[in-house]
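Colleague: I am new to this one, so could you walk me through it? Please start with the sheets and then move on to the helices.

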Amino acid sequence: MSTDATETAQQAETHAFQADVQQVLQLVIHSLYSNKDIFLRELVSNASDACEKLRFEAIAEPALLEGGGDLAIDLAVDADTRTLTIRDNGIGMSRDELMQNLGTVAHSGTRRFLDSIAAGQKVDAQLIGQFGVGFYSAFIVADSIAVTSRRAGHDDAWTWRSTGDGQFSIESASADTPRGTSLQLHLREDAGDYLQAWKLKSLVRTYSDHVGFPIRMAKPAANADDDDTETKAPEAEEFETVNQASALWTRPKTELSDDDYKAFYKHVSHDFSDPLAWTHNRVEGNQNFTSLLFLPERAPFNFQYSRDERKGLKLYIKRIFIMDAAEQMLPAYLRFASGVVDSDDLPLNVSRELLQESRQVERIKGALTKRVLDMIEKIARDEPEKYTTFWDAFGATMKEGVAEDTANRERVLKLLRFPTTRSASADERVSLDDYIARMAGLQEEIYYITADGWNTARNHPKLEALKARGIEVLLMHERIDDWMSGYMHEYAGKTLRNVAKGEIDLDKLGDAQDKEKLEEAAKAAAPLVDTLKTALGDRVKDVRVSNRLVDSAACLVLDEYDMSLQMQQLMKSIGQEAPASKPILEINPEHALLKRLQAADTDPARVEDYAALLFEQAMLAEGGSLDDPTAFIARMNRLLVG
Ligand code: ADP
Ligand code: MG
């Protein structure tokens with residue numbers, strides 16, 4: 001390092017870290033001390049990002065290369081001073097950028113991570129790895145860090161220093177600082193390993209082999225007594241490239257091992273775990289592009305929020321990194337997929353707006369969607385256990401695809417899994433194809449019920465008649481299911497029918513007398529139905545005798561196209577006006593409670609209590625909530641003690 005730094009040291013300004021940085025630092029240092037190695041991957045990945053940014057900006061402004069277009073990342077160690085230096089000749093950082101990037105928590109993902117953990121909570125290293133610990137991971141191994149940087153095209157250079165104890169200083173650096181960034185880490189007592197060249201080399205090979213720029217290391221110091229080398233200037237170190245330095249996706253599949261793909265996945269995704277699957281393809285013809293897509297094993301901690309700021313699919317054009325383009329190139333319901341797409345045909349100066357309008361991009365998106373679906377289908381077909389892992393992590397996300405991706409709806413439906421009335425637990429799931437294969441003799445439609453919660457679904461009164469006839473029903477018990485079911489009309493030529501809505505025609509299921517029986521029962525119960533209609537007034541649309549109940553006294557039914565009660569309540573809860581569709585009360589005249597009601601006919605107050613109670617019970621069985629729970633309890637108690 002130049003001695004100018006000491007001359008200007010008196011101009012150093014000290015700044016406090018943003019409060020959250022300190023928190024991130026503590027978390028990183030304490031959660032990752034047994035995963036120290038990852039710091040190198042993070043810093044090399046930053047150096048590689050910096051080279052990619054420069055290459056990208058130089059498309060519009062070649063002068064930024066300052067005549068030096070060979071981009072590289074150099075590692076050097078000095079055992080005497082216990083320093084490890086990581087240097088790149090990429091884009092560099094201005095003074096403001098040093099302050100902003102290395103002094104605050106700039107990333108919204110990190111923000112949310114902080115918000116999501118309680119103060120003092122012990123954090124899982126896997127979890128923290130998933131949000132990309134980034135630059136601050138250097139403090140796992142270093143007790144002091146100096147970052148000297150000159151932004152491409154700028155004359156001024158700056159040095160940022162910190163010991164990670166709440167503040168950092170910034171001072172100007174020598175004007176002959178080369179373009180790019182150099183990090184000097186003073187290694188902690190327990191991090192001496194990283195002074196050993198073999199250790200660094202092996203880490204680079206493991207984690208950063210396929211970084212697209214050469215990662216170079218100073219060759220072992222030449223023997224000082226050697227006459228040939230003595231004449232060389234001490235500055236002119238010799239470097240050897242220790243990584244492959246070629247973009248992995250450009251290499252033929254046959255040359256790549258599973259380990260290569262796994263390491264590359266970790267490099268692009270910052271995930272600690274291996275990917276669940278990947279697919280690597282080259283398309284030639286009208287459009288030429290290469291894609292390498294991965295499925296992660298589990299959802300990152302902030303996954304449920306990330307619908308609107310998707311990341312993970314990197315767009316390259318002719319090997320040059322252009323931007324994160326997940327939003328333009330993958331549908332939202334596949335946002336768990338990550339990787340790289342490299343196009344030969346898109347213009348290098350493409351903008352986000354242009355991407356949005358481009359027919360070419362639309363076609364690439366279509367192709368990538370198919371690739372991801374292929375990959376998921378293959379797991380579903382060949383590796384059921386893996387598919388369970390996948391479904392646990394991303395099943396709810398896939399369901400969005402039923403609504404979102406009309407072109408691939410049938411394929412998405414094929415991938416769905418649901419428990420049924422025959423499942424012992426919510427985890428015992430079947431596909432629609434399995435369900436169809438088990439359909440009883442005369443059954444022509446696929447029956448399902450949506451409810452908020454597993455128990456509500458499983459014990460739903462409306463399933464009683466179907467259960468009694470041995471008819472299997474899919475139990476859609478997750479929040480999203482009710483919304484999704486609005487887009488689910490048909491699969492493999494079979495109608496999907498919500499048994500909670502409309503009337504079910506049990507005749508179709510082989511019970512030829514069912515209609516007659518129902519008509520007779522309705523005739524017999526006509527006075528009872530009238531009594532209830534009068535008592536319930538405008539709380540219900542209608543009252544009728546049910547053919548779906550066996551054990552329960554009553555249930556609430558909606559007309560086929562009415563919005564479900566769950567959805568109505570959900571909309572109310574977020575302050576939206578919901579079209580209030582009134583339910584129909586269906587009763588089981590054989591039930592003891594209805595017999596009691598009939599018997600109480602002469603006492604209007606009691607009739608009112610019974611009627612209201614029936615209605616409220618049915619509402620509760622739906623998983624719904626009551627308008628006036630206290631009145632409900634009072635009513636119930638009157639009937640219990642009376
Ligand atoms: P991330 O890489 O996820 O953005 P980091 O904590 O690793 O987060 O880095 C923070 C920011 O610091 C980067 O976004 C980048 O702007 C800047 N930075 C870090 N290292 C370098 C480097 N070697 N060259 C240029 N900028 C860098
Ligand atoms: Mg980073």
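Modeller: Gladly! Keep in mind that this is a predicted model. We can begin with an open sheet of four strands, in which the pairing is mixed. The strand order is β18-β17-β20-β19.

Colleague: Which strands stand at the edges of that sheet?

Modeller: Look for the strands that pair on one side only. In this sheet they are β18 (474-476) and β19 (490-491).

Colleague: How many bridges join β17 to β18, and are the two parallel or antiparallel?

Modeller: Strand β17 covers residues 446-450. One of its residues, Thr 450, has Met 476 in β18 as its bridge partner. The two strands run parallel, and the number of bridges joining them is three.

Colleague: Thanks! What is the strand order in the sheet of three strands?

Modeller: That sheet is open too, with mixed pairing. β21 (542-545) and β22 (554-557) each have a single partner strand, so they stand at the edges and one side of each is left without a neighbour in the sheet. The twist from one strand to the next averages 25°. Written out, the order is β21-β23-β22.

Colleague: Which residue in β23 stands opposite Ala 554?

Modeller: Start from the pairing of β22 with strand β23, residues 584-587. These two strands pair in the antiparallel sense over four bridges. Opposite Ala 554 stands Ile 587.

Colleague: Now the helices. At what angle to β22 does α24 run?

Modeller: Two helices are worth placing against this sheet. Helix α21 (residues 526-536) lies across β21 and β23, and its angle to β21 is about 155°. α24, in turn, lies across β22 and β23. Its angle to β22 is about 65°.

Colleague: Why are α23 and α24 described as roughly antiparallel?

Modeller: Helix α23 spans residues 592-599 and helix α24 spans residues 604-621, and their axes come within 9 Å. The axes cross at roughly 155°. Angles over 145 degrees count as roughly antiparallel, and therefore α23 and α24 are roughly antiparallel to each other.

Colleague: Which residues of α24 are met by α23?

Modeller: The crossing of these helices is left-handed. By class, their contact has seven nonpolar, one polar and one charged residues. From α23 come Leu 593, Leu 594, Arg 596 and Leu 597. In α24 they meet Val 607, Tyr 610, Ala 611, Leu 614 and Gln 617.

Colleague: How do α21 and α23 lie to each other, roughly parallel or roughly perpendicular?

Modeller: Their axes are 11 Å apart and the packing angle is about 80°. Because angles of 65 to 115 degrees count this way, α21 is, relative to α23, roughly perpendicular.

Colleague: Which residues of α23 make the contact with α21?

Modeller: By class, this contact has four nonpolar, two polar and no charged residues. α21 brings Leu 528, Thr 531 and Leu 532. On the α23 side we find Leu 594, Leu 597 and Gln 598.

Colleague: One last stop: how far is the backbone oxygen of Asp 452 from a polar atom of the side chain of Thr 456?

Modeller: Thr 456 is in helix α17, residues 454-458. Leaving aside residues up to four places away in sequence, Thr 456 touches Ala 451, Ala 621, Glu 622 and Gly 623. From its side-chain polar atom to the backbone oxygen of Asp 452, the distance is 3.4 Å.

Technical notes: Residues are numbered from 1 along each chain as its sequence is written. Chains are lettered from A and ligands numbered from 1 in the order in which they are written. This is a predicted model: local features need pLDDT of at least 70, side-chain atom pairs count only at pLDDT 80 or more; totals for chains, interfaces and linings use all residues. Side-chain values use heavy atoms; hydrogens and water are left out. Axes are lines fitted to C-alpha atoms, for helices over the stretch in contact, and angles run from 0 to 180 degrees between N-to-C directions. Angles under 35 degrees count as roughly parallel, over 145 as roughly antiparallel, 65 to 115 as roughly perpendicular and the rest as oblique. A crossing is left-handed if the near helix is turned anticlockwise from the far one by less than a right angle, and right-handed if clockwise. Contact means heavy atoms within 4.5 Å. Ala, Val, Leu, Ile, Met, Phe, Trp, Tyr, Cys and Pro count as nonpolar, Asp, Glu, Lys and Arg as charged, and the others, Gly among them, as polar. Two strands pair if DSSP finds at least two bridges between them. A polar contact is a pair of N or O atoms within 3.5 Å; within protein, one must be able to donate a hydrogen and the other to accept it, and residues adjacent in sequence count only if both atoms are side-chain atoms.
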